[in-house]
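Visitor: I am new to this structure. Please take one buried part and look at it closely, then show me what else is worth seeing around the chain.

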Amino acid sequence: MSEKMKIVAVTGERKAEVIEIEKPVAEKNQVLVKIIGCGICAFEQRVYLNIAKMKLPFAGGHEIVGRIEAVGEGVSTEEYSIGQKVVARTMRACGECYYCRHGQPNMCVKKSSKFKSEKILPGGLGQFISLDTAQIFPVPEELPDERAVLAEPLACVVNSIRRGQIELGDDVVILGGGIMGTLHLLCAKLKGARVIVSEPDEQRAKLARELGADIVLNPMEVDPVEEVRRITGRGADVVFDTIAISAIAKQAVEMTAPLGRCVMYTSMHPDNPIEISAGVIHNTQKTITGAVSPSIASFAVSVAMLSKGIVKPERLVSLKIPYTRAAEAFEAAVRPDTYRVMMTF
């Protein structure tokens, strides 16, 4: 008889339950990871709120920290030892499509196929997950769980920062002081930029200042486009939009200086089109681009930064809640006064 395990699944709008399913095994070139904790990211939150439409019950979770429980055939126990602390890039790329073969596995055309299965596939919001060794990144034993669990979101931000091509002395604007905006802030400061954060919430603005923001403006009190132009004299060299509101995306483009880069980091919900002047883009040579998911390279950089203490973002883990209180954890995650809620197993 196969073993069972517990997972947390979204079963309806604002409904999260503990479900029992078959425990995965470590197949060839795989390891079985026992989950310590998993962050409830924005995607799972949108499924929970019925903003993102997914087949239910849905068991997500990709911001994980855990320990190797077992290894499959062909896996070196010297390199992947039982009990070793690890984080993981849970996204599985096909390795065969155009983007994978051109070194961009985060753009894999088949990366989301696992969400279309007829059965419940366990993600990180469960007691165990089986992963290919290529997905596993060992981390130091002394690395705090609250820091390690942010490896995946930080990796997403590293990819975004690279898309923004920050230069020393640049003026960088970050729209939004939530967890992803704050991770952008930490990375942009390491790049030698003057960082302006636009955030209306007083507590988030306060934390942004504490973590190094040079200027924090309240977009409810000033016109953010005009204020950025006033401060910089010509607009921002780089703008990162981390807010899922299309009207803000329009502001992001408008506050980007000539020759600047505007990075649409967040997905939009709802994705309402915005008007952009092709003539202005032509005359200013500003670049508008996007950033989605972590590449393998950005994940490796994230793990190195966290492991070496270059970035210490554990203050952004607002709460740790056991999986047995799944509904409470999800409700806390969607509150505006939390950054990231970590579900523990």
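Guide: Start with a term. A residue counts as buried when its relative accessible area is under 20%, as exposed when that area is over 50%, and as partly exposed in between. Keep in mind that this is a predicted model.

Now the close look. Find His184, which sits in helix α4. Its relative accessible area is 0%, so His184 is buried. What does its side chain reach? The side chain of His184 makes a polar contact with the side chain of Ser160, at 2.8 Å. Ser160 has company. Setting aside neighbours within four places in sequence, His184 is in contact with Val157, Ser160, Ile161, Ile174, Phe240, Thr242 and Tyr265.

Step back to the helix. α4 covers residues 179–190, which makes 12 residues. From first C-alpha to last, α4 reaches 17 Å, close to the 16 Å expected at 1.5 Å a residue. How much of α4 is buried? The count is 10 of its 12 residues, so α4 is largely enclosed by the rest of the structure. The buried stretch begins with Ile179, Met180, Gly181, Thr182 and Leu183. His184 belongs to the buried set too, along with Leu185, Leu186, Cys187 and Ala188. After the helix comes Gly192, with a positive phi near 85 degrees.

Move on along the chain to strand β9, residues 194–198. It runs parallel to β10, and 3 bridges join the two. Within this pair, Ile196 of the one strand stands opposite Ile215 in β10.

These two strands belong to a wider sheet. It is open, has 6 strands and pairs them in parallel. Read across, the order is β10-β9-β8-β11-β12-β13. Which strands stand at the edges? They are β10 (215–217) and β13 (287–290); each has a single partner strand, so one side of each is left without a neighbour in the sheet. From one strand to the next, the twist averages 15 degrees. A general point helps here. Strands of a sheet pair through backbone hydrogen bonds, either parallel or antiparallel.

For the antiparallel kind, go to β1 and β2. Strand β1 spans residues 4–12 and strand β2 spans residues 15–22. They run antiparallel, joined by 8 bridges. Val8 has Val18 in β2 as its bridge partner. The hairpin they form has 2 residues between the strands. One stop there is Arg14, in the loop between β1 and β2. Arg14 is not a glycine, yet its phi is positive, near 55 degrees. Its relative accessibility is 44%, so Arg14 counts as partly exposed.

Asn50 makes a similar stop. Here too phi is positive, about 65 degrees, although Asn50 is not a glycine. Asn50 is in the loop between α1 and β4. With a relative accessible area of 32%, Asn50 is partly exposed.

That loop holds another feature. Pro57 lies between α1 (42–48) and β4 (63–71). The peptide bond from Leu56 to Pro57 is cis, with omega near 0 degrees. A cis bond also joins His269 and Pro270, with omega about -5 degrees. Pro270 is in the loop between β12 (256–264) and α8 (278–284).

Last, the cysteines. How many disulfides does the structure hold? The number is 0. Take Cys97, which is in no disulfide: the nearest cysteine sulfur, that of Cys100, is 3.7 Å away. For a disulfide, the two sulfur atoms would have to lie within 2.5 Å. Cys97 has a relative accessibility of 11%, so it counts as buried. Cys156 is in no disulfide either, and its nearest cysteine sulfur, that of Cys41, is 8.4 Å away. Cys156 is buried too, at 10% relative accessible area.

Cys94 is found in the loop between β5 (85–88) and β6 (128–132). Buried or exposed? At 25% relative accessibility, Cys94 is in between and counts as partly exposed. Not counting residues up to four places away in sequence, Cys94 touches Cys100, Cys108 and Lys110. Gln104 is 10 residues from Cys94 in sequence, and their C-alpha atoms are 11 Å apart in space.

Return to His184 to finish. It is the buried residue in α4 where we began, and Ser160 is its polar partner through the side chains.

Conventions: Residues are numbered from 1 along each chain as its sequence is written. This is a predicted model: local features need pLDDT of at least 70, side-chain atom pairs count only at pLDDT 80 or more; totals for chains, interfaces and linings use all residues. Side-chain values use heavy atoms; hydrogens and water are left out. Two strands pair if DSSP finds at least two bridges between them. Helices (H or I, at least four residues) and strands (E, at least two) are DSSP runs, numbered from the N terminus. Axes are lines fitted to C-alpha atoms, for helices over the stretch in contact, and angles run from 0 to 180 degrees between N-to-C directions. The expected span of a helix is 1.5 Å times one less than its number of residues. Buried means under 20% relative accessible area, exposed over 50%, partly exposed in between (1.4 Å probe, protein chains only). A polar contact is a pair of N or O atoms within 3.5 Å; within protein, one must be able to donate a hydrogen and the other to accept it, and residues adjacent in sequence count only if both atoms are side-chain atoms. Contact means heavy atoms within 4.5 Å.
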